[in-house]
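Reader: Could you take me on a close look at the nonpolar interior of this model? I would like to start there and then see how the surrounding parts are arranged.

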Amino acid sequence: MQADYPAAHSMDTCFFAIDRDGHVACFDTGEAGAVPVQALSGDSAYSVRQQLAPLPRVAVMHDRQGRVTPGQPSEFNEHGGRMALPYPTLVFLASLDPVREEIDAGRAVEVVASEGVAVLFRQMPEALAAQLHDSGACLGCCLYFQSEDPSEGSLDLTARGFFSYSHLTENWISGAYGRVRRPAQPIHVDQLPPRIREAVKAMRFDSLSFAETPHIQPIEHTDCVSWESAYMDVTGTHIRPIPGREEEYADAYDELAEIGENIEVEPPPGHNPNSGEE
Amino acid sequence: MLILPGHTDAVRCLSYSPDGRRLASGSEDKTVRLWDLPGGEATVLKHESSVEALAFAPEGDKLTTGTAVGEVWSWTVPRRRRLYHIQAHDGGVRCLAHSPGDETLITAGWDQTVKMWHPGTWHQLSVLQKSSPSCTALAFAPDGKTLAISNEDGSLRLWDRASATLAPLLTGQLPLFALAWSPNGRLLAAGQADGSILLSEASRSQAPLRGHTWTVYSLAFTPDGRTLISGSADGTVRVWDVASGQEKRCFRWHARWVTCVAIAPDGMTAAAGSADHTIVVWDMDDN
């Protein structure tokens, strides 16, 4: 009988964790991201999110490095803003010079970046999108939907001192989380109310510091649940079975093995490459 | 240097008894350990939740502890027994302090209130601060006439006991998490979220002490007032020359962040507690 993973039926959730220094992070799974078994997640995590509104507010920094999917193409790596879609678009640049006119005209605003500069467009003009990409000025861009509406549970935790990680790959596999936003002044776990402090400390990445770690694959650190039986490692170059789900992985292996030339797909335990041949 | 092991979770608070013969430590492991010094033999006082704050009453025969579920307990030190308790705050106690003169108890909680309790009966006398901002640290001036209250919004207020009024001392930009008065009551030190330490003398601010790289959680002056020690989320204990503002020493004994520091009444030894479950006691001559 196949093992049942209750959380896997609805994995679009978030979970909390702390690191070796006492930084606190919130991870958005985007559905396929792995969730540590012991982490505060699901409805309990959303309930905690609502209680964090009174925390002191800090400046938010957008993190270019953390948005790059390691080893793989993604919307960000492929410059999602190039399409100039009618949605807010975040663009990372080395300087504001190419977009100064847009900022002066109020069509874009500079936002804080952890390296270089970042600009948020309400909508990226098509001509400018082409110019920024043809000239190589754009260091990375993506559509950007981030607003705070506590009634809908969308409290901006980075503005309360939390590091924010998002699952970077599409939903076909459980890949790395990227640090998409970081606080200018991180909150320390001991600055949280005792009940919340205890809950978020349930998951500790004891070997990591969020301040120094743009990408995290939780499966490499602890037991996790996930939709899929396979995961992509933090470098984005290897696919492996999630520990404990090797049988399912063996069933999916043939399909995974055809994925692409830049990814090494680890054979399942006991796999005989010649077993299917006459 | 002496390492006191025994706690099985983060150490959150420390206090020396007035005679310096005991050190009390409170922990997330739901215990207080009363360490007999200098040997380090411990008696365990069990609680039902994390011990967030503690202080010896000035006479030294009682220990007051505050917990993560908002209870405040009184313990008799000689017999190590619970005397009585009150439910002081919803959501947990953040800090507490006894008045040096008459043992009046002040507590601050996660419910954003600061309350004063009668020294003998522990009946609530008044609420000094009722709502936001949330109080993060309390410190009575040595004469017991003034109470310093630091807040999460960076404000520092002085409560004057005679007039029962609260007056602002400074409005900082960053949350404050630690307070200590110099023994002569002239200097007030406050630890900020970014690791800097503010020094205020008669409402005049001096240049901040800079060295820690993250939140200062605890501060203590030596009895002569010349030295200040600080413990921080950056995992270090630092020793400061108060007159010059220079950092004299930086100790990295702990595997995790430092939550609390205390100096013995005779100034000969000091102690630091950490999230790594240990307490380090060291000879101040080493500084």
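Author: Happy to; here is the interior first, followed by the chains around it.

This is a predicted model, in which local features need pLDDT of at least 70 and side-chain atom pairs count only at pLDDT 80 or more, while totals for chains, interfaces and linings use all residues. Residues are numbered from 1 along each chain as its sequence is written, and chains are lettered from A and ligands numbered from 1 in the order in which they are written.

Let us begin with the largest nonpolar core, which has 83 residues. Such a core is a set of buried Ala, Val, Leu, Ile, Met, Phe, Trp, Tyr and Cys residues joined through C-beta atoms within 7 Å. A residue is buried if 20 or more other C-beta atoms lie within 10 Å of its own, exposed if 12 or fewer, and partly exposed in between, with C-beta atoms placed from the backbone. The residues with the most contacts inside this core are Leu96(B), Leu138(B), Leu179(B), Val261(B) and Ala271(B). Strand β18 of chain B, residues 176-181, gives the core its largest share, six residues. Strands (E, at least two residues) and helices (H or I, at least four) are DSSP runs, numbered from the N terminus. Apart from this core lies another, of 48 residues, with Ala25(A), Tyr165(A), Val180(A) and Met232(A) among them.

Val261(B) is a good place to zoom in. Leaving out residues up to four places away in sequence, Val261(B) touches several residues, including Leu14(B), Ile229(B), Val237(B) and Ala271(B). Touching, or being in contact, means that the C-beta atoms of two residues, placed from the backbone, lie within 7 Å.

Val72(B) offers a second view. Val72(B) sits in strand β8 of chain B, residues 71-76, and is buried because 24 other C-beta atoms lie within 10 Å. With residues up to four places away in sequence again set aside, the partners of Val72(B) include His85(B), Ile86(B), Val93(B) and Leu96(B). By contrast with those contacts, Arg21(B) is 51 residues from Val72(B) in sequence and 24 Å from it in space, C-alpha to C-alpha.

Now for chain B as a whole. Chain B has zero helices and 28 strands, and 51% of its 287 residues are buried. Its C-alpha trace spans about 45 × 45 × 30 Å along the principal axes. For contacts in chain B between residues at least 6 apart in sequence, 39% join residues at least 24 apart.

Chain A has six helices and 16 strands, and 43% of its 278 residues count as buried. Among its contacts between residues at least 6 apart in sequence, 68% join residues at least 24 apart. The domain assignment, which is automatic or from a database, gives chain A domain 1 (14-225) and domain 2 (230-265). Their C-alpha centres lie 26 Å apart, and 16 residues of domain 1 are in contact with 11 residues of domain 2.

Finally, the two chains meet where 18 residues of chain B are in contact with seven residues of chain A. The chain B side of that meeting has nine nonpolar, five polar and four charged residues. Here Ala, Val, Leu, Ile, Met, Phe, Trp, Tyr, Cys and Pro count as nonpolar, Asp, Glu, Lys and Arg as charged, and the others, Gly among them, as polar.
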